[in-house]
Amino acid sequence: MTSEKLTEIYQLLLERFGPQHWWPGETQFEIIVGAILAQNTNWTNVEKAIANLKSADVLSPEKLHNIEVSQLAELIRPAGYYNIKAKRLKSFVSWLCENYDGKLTELENVDTERLRAELLGIKGVGRETADSILLYAIDRPIFVVDAYTARVAVRHGLIEPEADYEQLRDLFQSNLPQDVQLFNEYHALLVRVGKEFCRPKARCAGCPLEKLPHSVGD
Ligand code: SF4
């Protein structure tokens with residue numbers, strides 16, 4: 001029943017919005033850097049920060065490992081919270097360099113749950129960031145959860161409002177095929193509907209999910 005509902009939501013969103021082509025990035029490493037920079041800012045600002053890293057020719061694990069944290073902070077300034085995010089990037093590349101010789105290819109043989117636990121052990125890497133890295137950069141079937149996911153799921157009676165991140169992730173992961181491309185597209189579509197319709201004050205009229213049972217509580 002839940003899986004049917006989740007599949008119907010997906011199909012309605014895909015029919016309306018089409019593929020979202022996430023995650024923009026020329027390389028695996030660029031996607032990871034984007035995931036770390038994307039916290040609490042919009043994508044345009046992330047793009048500016050990544051463009052700066054490219055212009056300075058430091059967008060690789062080794063170069064970010066060697067750059068001074070203050071210089072890195074200056075380069076990623078457009079992304080906001082740049083001092084904190086510079087430290088987070090440094091923590092990520094330190095982990096990669098110390099444990100995997102600085103090579104993302106070395107992660108290919110690491111079990112998904114172990115990799116997730118290791119990513120969550122990196123200072124400043126929270127669940128949404130770790131799962132974005134796993135799904136969008138490393139092609140693991142992990143469902144990424146955010147505030148949009150929670151809002152749609154709660155308003156459509158799929159989960160209780162008190163549900164935490166892991167319960168939301170389990171809702172999607174346990175009721176859908178373990179398909180990286182499906183999880184990729186589904187998360188992107190939830191972000192789209194959350195931005196355009198399922199805002200804090202819902203705009204159900206015209207929403208692709210309008211015909212499904214829902215309750216916005218206002
Ligand atoms: S805006 Fe309304 S119809 Fe659309 S997803 Fe939110 S609750 Fe559902």
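Helices are DSSP runs of H or I with at least four residues, and strands are DSSP runs of E with at least two, both numbered from the N terminus. Thr129, for one, has its place in helix α8. The model is predicted, so local features need pLDDT of at least 70 and side-chain atom pairs count only at pLDDT 80 or more, while totals for chains, interfaces and linings use all residues. Residues are numbered from 1 along each chain as its sequence is written, and side-chain values use heavy atoms, with hydrogens and water left out.

**Exercise 1. Find out whether Thr129 is buried or exposed, and which residues it touches.**

Step 1. Buried means under 20% relative accessible area, exposed over 50%, and partly exposed in between (1.4 Å probe, protein chains only). With a relative accessible area of 7%, Thr129 is buried.

Step 2. Contact means heavy atoms within 4.5 Å. Setting aside neighbours within four places in sequence, Thr129 is in contact with Ala35, Ile36 and Gln39.

**Exercise 2. Describe how α2 packs against α8.**

Step 1. Axes are lines fitted to C-alpha atoms, for helices over the stretch in contact, and angles run from 0 to 180 degrees between N-to-C directions. For helix α2 (residues 28–37) and α8, the angle is about 155 degrees and the axes are 9 Å apart.

Step 2. Angles under 35 degrees count as roughly parallel, over 145 as roughly antiparallel, 65 to 115 as roughly perpendicular and the rest as oblique. α2 and α8 are therefore roughly antiparallel to each other.

Step 3. From α2, the contact draws on Gln28, Ile31, Ile32, Ala35 and Ile36; from α8, on Thr129, Ser132, Ile133, Tyr136 and Ala137.

Step 4. Ala, Val, Leu, Ile, Met, Phe, Trp, Tyr, Cys and Pro count as nonpolar, Asp, Glu, Lys and Arg as charged, and the others, Gly among them, as polar. This contact of α2 with α8 has seven nonpolar, three polar and no charged residues.

**Exercise 3. Now do the same for α2 and α6, then ask how many residues of α2 are buried.**

Step 1. The axes of α2 and helix α6 (residues 82–100) come within 10 Å and cross at roughly 140 degrees. The two helices, α2 and α6, are therefore oblique to each other.

Step 2. Phe29, Ile32, Val33, Ile36 and Leu37 of α2 meet Lys85, Arg88, Leu89, Phe92 and Val93 of α6. By class, the contact of α2 with α6 holds eight nonpolar, no polar and two charged residues.

Step 3. Nine of the ten residues of α2 are buried, so the helix is mostly covered. The cover over these buried residues includes α3 (43–55), α4 (61–66), α6 and α8.

**Exercise 4. Classify the ring pair of Phe143 and Phe183, and place it in the chain.**

Step 1. Rings of Phe, Tyr and Trp (its six-membered ring) pair if their centres lie within 6.5 Å; planes under 30 degrees apart count as stacked, over 60 as edge-to-face and the rest as tilted. The count by this rule comes to eleven aromatic pairs.

Step 2. Phe143 and Phe183 are 5.4 Å apart centre to centre, with 70 degrees between the planes, and form an edge-to-face pair.

Step 3. Phe143 lies in the loop between α8 (127–137) and α9 (147–155) and Phe183 in helix α11 (residues 180–196), so the pair ties together parts that are 40 residues apart in sequence.

Step 4. Phe143 and Phe183 are both buried. Together with Tyr10, Phe172 and Tyr186, these two form one aromatic cluster.
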